[in-house]
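Visitor: Could you take me through one part of this model in detail? I'd like to start from a single residue and then see what lies around the chain.

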Amino acid sequence: MAKKDLYLATSLDDLSSQWKKLPEIGNKNWKAIACSLKKMIKSADEHYLKGDEEKAYVLYMRFFAILMRKEYFVFKNEICSEIGGTTTCNSAMDRLEKLETSLKTRYEKRNPHESLPHPQYSTQKTPEPVKMDISKLGTINSETLFKKLKEKVTLLIDVRTKDDFQASQIAYAFCLNIPGDRIQKGFSAGKIQDILEANQKKLWSSRSVKDDVVIMGWNDNDTATHILKHIMQYWDPDTTYKSPIRILEKGYEHFLTLFPTLCTDPHFTVSRAKDDESDNIDEVEYPHINDIVMKDDIAVGAPIVNRAHKTNAMRIYEENRNVNDVLKERKILSDEHTKTNKQLEDAERNIHSSQVPSESEEYKRLEYMILELQTEKKNQQYKNELLTKELQELKNAQSQSLKLPEPEKIDDDDEEEPMDISEPVIKDVPINRPVKVIKEIPYIDRSVKPSFNNHIDFSYQEEQQDSVLTGLKNLGNTCYMNSILQCLFSSFKFRKFLTATNYRDSINYTSKTEGNICEETAGLFKRMTMMTESNYVECSQLKSNFGTYQKMFRGRDQQDAHEFLTIFIDCLHLELNTLTISRPINSASEKCWNEFTKSKESRVLQLFYGQIKSTVKCKTCEKESATYETFSNLSLELPMQSNICSLFDCLSMYFGGEKISGWICPNCKQKREAIKKLDISRLPEFLVIHLKRFFVNTEYMSNVYKKKENYVKFPLDNLDISPHLTRSELMKSTPKAYELYAVCNHYGTMESGHYTAFCRRNTNKWYKCDDSSVSPLEQKNVVSCAAYILFYKKCGPVNYIKN
């Protein structure tokens, strides 16, 4: 796009006279105001795309000037909705900032004495009805911030480290610390709230009522300020800000120089804790930068085989099936597809002809049935694709003289007949394999040494005999809660702890929730353990108590199961963190873990929490810098380019290296290109994996959430996590493999959906928990494109040796 020659002004100050000519709004109807703003932003976008930077700049500035007037705030909610919501404002803001930078550079390069090419445009300055500067839109200087702090109408967010913030900060009541090392790209405003402490969440919630929001780092090199600004602009759909979010120019370093008396420690210098030798007691994670596998190099769908183990390499050929096996499975799949189509047609016919009210339980049951059948139909289509691919590979491997007809595919069109397997079953088809088939040889990982305890733990045997099958009554859109509680109930060690007689000895009754959530959960689990005539129980008291402390869960609106799980687990941990643990600190990982727990742990922490190490390696000097963060679940992105992927693909994408720019290397003492890599430095007993299926569709003006329905192949047994561990964690004599014991599923969309749980109980049998109903489930149906949250546990001693 060619930029149009400058013709309106000779500088930005000169150009200000153009946009400051604002139309009179007076007492116009808010719809008229919105209509004018809509036309103005449309015209600005057109000039921007044509390369007329000056005209676009004037219109964008005029647009924001009107938004900041009192007349706008009277109808701010209605007008904001009418013009397209925060997405329109954010897009205009981004373009305006680019225009300001571009025009400033072009004006400086231009000869100040050069006459304008189009003198017919007047540049005569007129009275300024609105005093506004571009710095108020993108950044703010220290002097202006100082004046605003006196008015106490500004929320100040400091993204420096927690230690630096506590050492020296601006003495201001509405100052919130969100450490930059805890802010990651891809976070939403809800995720930011999750990482805040209880006393910080009130300040965070005030962002919509404050006149200004200012983000501050140590200096202009702090990238966390821009990441947080991006999150608040684009990933905070429920908040309407009174004015554009701004970043403090030159950061706290410059503010401290100008206004030292307003800071708690005027002699403060930036902390270099991460560069001290005390934090380098861990071994170097990646001796060579080429050892890091980059996210861009990960091929989705490629098989992952650890060829360091000879038996694993041989199993590749042992597990290959012949053509007959695949053909039989496709025939079964074809019959199931026909049955599913028939059930779906019947269910849709029943709901259309039904006379029952749409609010009734019967109507909702039919709706949920349709959602599940639609998902099952997609599962069968994905399975057919996998079988077709496998069949083709087997055909390519066999003799060229054998000719078989091409397999048919499941058609997505409901009106067409489903596939019919007509291929003959062939007996004893020889397949050319590069390695001779060998009888299975059990693999034993000799790097894992047995640990000797003073007592024998029979919990594994008890778990295998677990036969409790109790449902949970739906209290009105509480399927999200029921599904998570069923998965937690299947966490046998956790359930055993809460149903023991002495669990109250561990409750911290001085916590915010005073132990109420823990006691209600324990009571619920005990009632579920006792067999009842109705085979289901209610959790109304637990929901009521939890809603008392978390208002978003008070009503009967549908909520996100992952959000409920994260908050619920954190709440239980805070109620039970009474275990005083003293450990020797021999590594940076242990030091950070101790700082997080403050030597007070809980049984929930010991079971569900792990730790991630974030390593940043300079591409110039290969110096490493590391930070650590605890987690109770991993949130994995799903690939956009493939409808079928594996859990290994998602893990590799999450833990793969990524390039970062502008990182200040502690060794080079300047900005460098670097690579960031994540690894697990502390494995939890229960590994909970959240598949991020919901995302904001940017095609719409307002924030509309869509759902990814990828078919993710995840193992039911022997999920090997060792490729994603730090060196120190890999050397520990603990199992590195996990087995699946529960799945939380979501059917439908963000606006209308249903949750269920698949749980493994009763000697490794699977059951479907659908609110008050619990029914047997075939193991082959556990993997589904509805899978939302996966619950894994460390393999027991028998299974681990077997796998």
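Visitor: Which strand does Ser646 lie in?

Guide: Ser646 lies in strand S13, which covers residues 644-646. Keep in mind that this is a predicted model. With a relative accessibility of 11%, Ser646 falls below the 20% cut-off, so it counts as buried. If you set aside the residues within four places in sequence, Ser646 is in contact with Val712 and Lys713. There's also a C-alpha separation of 8.8 Å between Ser646 and Pro715, although their positions lie 69 residues apart along the chain.

Next, the sheet with antiparallel pairing. It is open, has 4 strands and reads S11-S10-S15-S14 in order. Strand S11 (624-631) and strand S14 (658-664) sit at the edges with a single partner strand each, so each has one side without a neighbour in the sheet. On average, neighbouring strands here are turned by 35° against each other, if you ignore direction. Look at the pairing of strand S10 (residues 610-618) with strand S15 (residues 671-682): 8 bridges join them, and they run antiparallel. If you want a spot to click on, try Thr615, which stands opposite Lys677 in S15.

Two helices pack on that sheet. Helix H22 (residues 588-597) touches S10, S11 and S15, and its direction makes about 40° with that of S11. Helix H24 (residues 647-655) touches S10 and S15, with its direction at about 130° to that of S15.

Now swing over to some helix-on-helix packing. For a pair of packed helices, what gets quoted is the angle between the axes and the distance between them. Start with helix H17 (479-489). Every one of its residues is buried, 11 of the 11, so the helix is largely enclosed by the rest of the structure. Among the buried residues are Cys479, Tyr480, Met481 and Cys487. H17 packs against H19 at an angle of about 75°, and their axes are 11 Å apart. That angle lies in the 65 to 115 range, so H17 and H19 are roughly perpendicular to each other. On the H17 side you'll find Leu485, Gln486, Leu488 and Phe489, which meet Leu524, Phe525, Met528 and Thr529 in H19. Sorted by class, the contact of H17 with H19 has 6 nonpolar, 2 polar and no charged residues.

H19 also has helix H21 (residues 561-576) to deal with: the axes come within 8 Å and cross at roughly 110°. Again the angle is in the range for roughly perpendicular, so that's the word for H19 and H21 as well. H19 brings Asn516, Ile517, Cys518 and Thr521 to this contact, while H21 brings Phe568, Cys571, Leu572, Glu575 and Leu576. The class count for H19 with H21 is 6 nonpolar, 2 polar and 1 charged residues.

While you're in this stretch, check two loops for backbone oddities. Most residues other than glycine have a negative phi. Asn477 has a positive phi of about 60° although it is not a glycine. You'll spot Asn477 in the loop between strand S6 (471-472) and H17. At 25% relative accessibility, Asn477 is partly exposed. Glu514 is another non-glycine residue with positive phi, near 55°. Its loop runs between helix H18 (492-498) and helix H19 (516-529). Glu514 has a relative accessible area of 45%, so Glu514 counts as partly exposed too.

Last stop: the sheet with parallel pairing. It's open, with 5 strands in the order S1-S5-S4-S2-S3. Strand S1 (139-140) and strand S3 (175-177) are its edges; each has a single partner strand, so one side of each lacks a neighbour in the sheet. Inside the sheet, strand S2 (residues 154-158) and strand S4 (residues 212-216) run parallel and are joined by 5 bridges. Ile157 is a handy marker, standing opposite Ile215 in S4. Helix H10 (residues 198-205) packs on this sheet and touches S2 and S3, its direction making about 125° with that of S3. Helix H11 (residues 224-234) packs on the sheet as well, touching S2, S4 and strand S5 (246-248), and its direction is about 150° from that of S4.

Terms used
Residues are numbered from 1 along each chain as its sequence is written. This is a predicted model: local features need pLDDT of at least 70, side-chain atom pairs count only at pLDDT 80 or more; totals for chains, interfaces and linings use all residues. Side-chain values use heavy atoms; hydrogens and water are left out. Buried means under 20% relative accessible area, exposed over 50%, partly exposed in between (1.4 Å probe, protein chains only). Two strands pair if DSSP finds at least two bridges between them. Contact means heavy atoms within 4.5 Å. Axes are lines fitted to C-alpha atoms, for helices over the stretch in contact, and angles run from 0 to 180 degrees between N-to-C directions. Angles under 35 degrees count as roughly parallel, over 145 as roughly antiparallel, 65 to 115 as roughly perpendicular and the rest as oblique. Ala, Val, Leu, Ile, Met, Phe, Trp, Tyr, Cys and Pro count as nonpolar, Asp, Glu, Lys and Arg as charged, and the others, Gly among them, as polar.
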